[in-house]
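This report describes a structure for a reader who has not met it before. The sequence and the structure come first, and the description follows.

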Amino acid sequence: MSSTSKIVRVSRTSRRGVIGPLVSAEFRGVTLPAIAAIIGLAVAGWSLFRASAPPATSVPPGVAALVNQRPILTSDFISEAETEISIPFEQITDDQRAKVLHGMIDQELLVQRALALDLPETTIEVRTALADGLNAQVDAPALAVSPTDDELRAYYLAHRAAYASEGTMTVHDIVLKVGGYQNVDQDFGQAEADAEEAVYKLRSGEALADVMEHYGFVDSGRVQNDTEFDFAAKIHLGDKLYAVAETLNDGDISDPVEMDDGVHVLIMDTRVLPHYSDYEAVRAQVYNGYRDQLRAKAEAENLAYLRANATILLAPGMKE
Amino acid sequence: MRPRRPGRLLLLLAIVLAVGGFLVARAVTRARLARELLTTFPYAIDQHPELVRYALSVAPAIYQAHCATCHGADMKGETKIGAPALIDKKTWLYGDGSVAEIERTILYGIRSGNGESHNVTEMTAFGITGQLTPDEISDAVQYLLELNSRPYDQEAADAGQNLFFGKAACFDCHGMDGRGDPNYGAPNLTINVWNNGGTEQDLYHSIYYGVHHICPAWFNKLTLGQIRALAVMLHTLSKPAST
């Protein structure tokens, strides 16, 4: 019989002799699972409440320094040193390198502190810089594409107004007021009929003042009766009246225009139309406009994606 | 007669141990090299042939997976998308082809939108913006041909030279001698190496539409070790044979 088999037998005997009597069927059925559960809970509790993993005590390869576990890349350090000292890195002295790294660590500490203070949430400059930085990354692929001549010309035609000088107009806006004003009893039908007569007389050459007095027109007060840029006239007249005004030429009288406050008539003294710049003359601006459009499209798509994946709750009564 | 099993088992065990030992030693060595590749300053890597050999052993697979799409499996570039050849030091747009410069370009890219990327300049689109007429661009092309000792029209080249130093101000980026400026990614225009094609038509196209291709930033997409290995490989393969 070999010595190995002896040892095995002795071992079995030993286990049976020492442990066997202690582990009864009842013990195995209830107590052992309970002990296992307690040990499991203890381990889980220890894992849950113990301190987080100890901080790294060595710097990973490729990293010049770890600042609160945040790396400063060696590549960034070399680049910063060469930028600051303006000579190749291998010629920069140890003292100069140390000074550069010191500055980078200082900056990293300030950045970390800024994040701890939640500056992105509270400081408008930081928020703007973050948003701009992200947009720059979103824009980059779009801006790598060159438009063709046809694409650029199509863009120009679709946005001609952006490449036009502003037109001007000197226009009078008179109104036959209806309801609640001096012609309180006059309804829109009557006012419309009177206005059509007035327009006929004005177009026949009758003096504006006489016609206004005869029919009870008043100056609407919307425009200055002086030369205005088109954009200003549009603001003052409102979209509906401006749409009529921009079709008039020098000396034209508009048809009556029904508005909430009465029936208006526009008298155009002088009209200088916008001058649309020739495509060849504004190619550079069109090119920039085209690229701005690409940029805006890329940013809008990115925001649409972000919104689709965000949870946004608005307080009652809030709109966006 | 009993078979000599213990002998065979010992032989097998010895083989397993030898192979295992070799593999473990190899893994330990490569782990050490990977670490040293990153901890050695880029400018000093050339002085460590084993680090260069290590980089050359791991970088090709990384290149094929991430770079070959644009720069080509043979690293000769693709003029249609302005991806430069990477096997010729003369073609480096940014920097001098050092490991550190290449590494920086891989890390942060070119016009990638990353704040650290090479974002300063792009080649102006002289034609489509109307800054130069088609005839003027043709003249500029003739001047480029002259700079590269290729057949050219003298009269047009003279006009192109005037544009180079005058209206178009090409010298501002490409230098008075046309040899470019690696600080701005302005290529050398005198060595007949063209990232966007070198035919007269290609040159006309580059001046007319400008050049604003991008190289993505690989920071956080590749590991620092992978980027360093790539940089060492590209630096090594693009070095002139004499250096």
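What share of the contacts in chain A with a separation of 6 or more comes from residues 24 or more positions apart? The share is 61%. The model is predicted, and the predictor gives the complex an ipTM of 0.81 and a pTM of 0.72. For chain B, the mean pLDDT is 92, and 96% of the residues reach 70 or more.

**Chain A**

Chain A has twelve helices and seven strands. Of its 320 residues, 17% count as buried.

One of the helices, α9(A), covers residues 208–215 and contains L208(A). L208(A) has 16 other C-beta atoms within 10 Å and is therefore partly exposed, since a buried residue needs 20 or more and an exposed one has 12 or fewer. Leaving aside residues up to four places away in sequence, L208(A) touches H172(A), L202(A) and I267(A). I267(A) is 59 residues from L208(A) along the chain, and the C-alpha atoms of the two are separated by 8.9 Å.

Helix α12(A) runs over residues 283–308. Its buried residues are R283(A), V286(A) and Y287(A). What covers them includes α7 of chain A, residues 149–158.

The table sets the length of α12(A) beside that of a helix in chain B, α9(B).

| Helix | Residues | Expected span | Distance between end C-alpha atoms |
|---|---|---|---|
| α12(A) | 26 residues | 38 Å | 37 Å |
| α9(B) | 15 residues | 21 Å | 21 Å |

For α12(A), the expected span at 1.5 Å a residue agrees with the distance between the ends. The expected span of α9(B) likewise agrees with its end-to-end distance.

**Where the chains touch**

In the contact between the chains, 24 residues of chain A meet 27 residues of chain B. On the side of chain A that touches chain B, the elements giving two or more residues are α3 (74–85), α6 (124–143), α7 and α12 of chain A. The most comes from α6(A), with eight residues. By type, this side of chain A divides into 13 nonpolar, six polar and five charged residues.

**The largest nonpolar core**

Which residues touch the most other members of the largest nonpolar core? Of its 33 residues, they are A55(B), A59(B), A229(B), L230(B), A231(B), V232(B) and M233(B). The elements that give two or more residues to this core come from both chains: α3 and α4 (94–116) of chain A, with α1 (5–39), α2 (49–66), α4 (99–108) and α9 (224–238) of chain B. The largest share, eight residues, comes from α9(B).

Eleven of the 15 residues of α9(B) are buried, so this helix is largely enclosed by the rest of the structure. Among the buried residues are L224(B), I227(B), L234(B) and also R228(B) and H235(B). V232(B), likewise buried, touches I45(B), V52(B), A55(B), A59(B) and V99(B), not counting residues up to four places away in sequence. In soluble globular proteins, nonpolar side chains tend to be buried together.

**Domains of chain B**

The domain assignment of chain B gives domain 1 (7–120 + 215–238) and domain 2 (134–209). Their C-alpha centres lie 34 Å apart. The contact between them takes 15 residues from domain 1 of chain B and twelve residues from domain 2 of chain B. On the side of domain 1 of chain B that touches domain 2 of chain B, six residues are nonpolar, six are polar and three are charged.

Terms used
Residues numbered from 1 in each chain as written. Chains lettered and ligands numbered in written order. Predicted model: local features only at pLDDT ≥ 70, side-chain atom pairs only at ≥ 80, totals over all residues. Helix = DSSP H or I, 4+ residues; strand = E, 2+ residues; numbered from the N terminus. Expected span 1.5 Å × (residues − 1). Contact = placed C-beta atoms within 7 Å. Nonpolar A, V, L, I, M, F, W, Y, C, P; charged D, E, K, R; others polar. pLDDT = per-residue confidence, 0-100. Core = buried A, V, L, I, M, F, W, Y, C linked by C-beta atoms within 7 Å. Domains from an automatic or database assignment.
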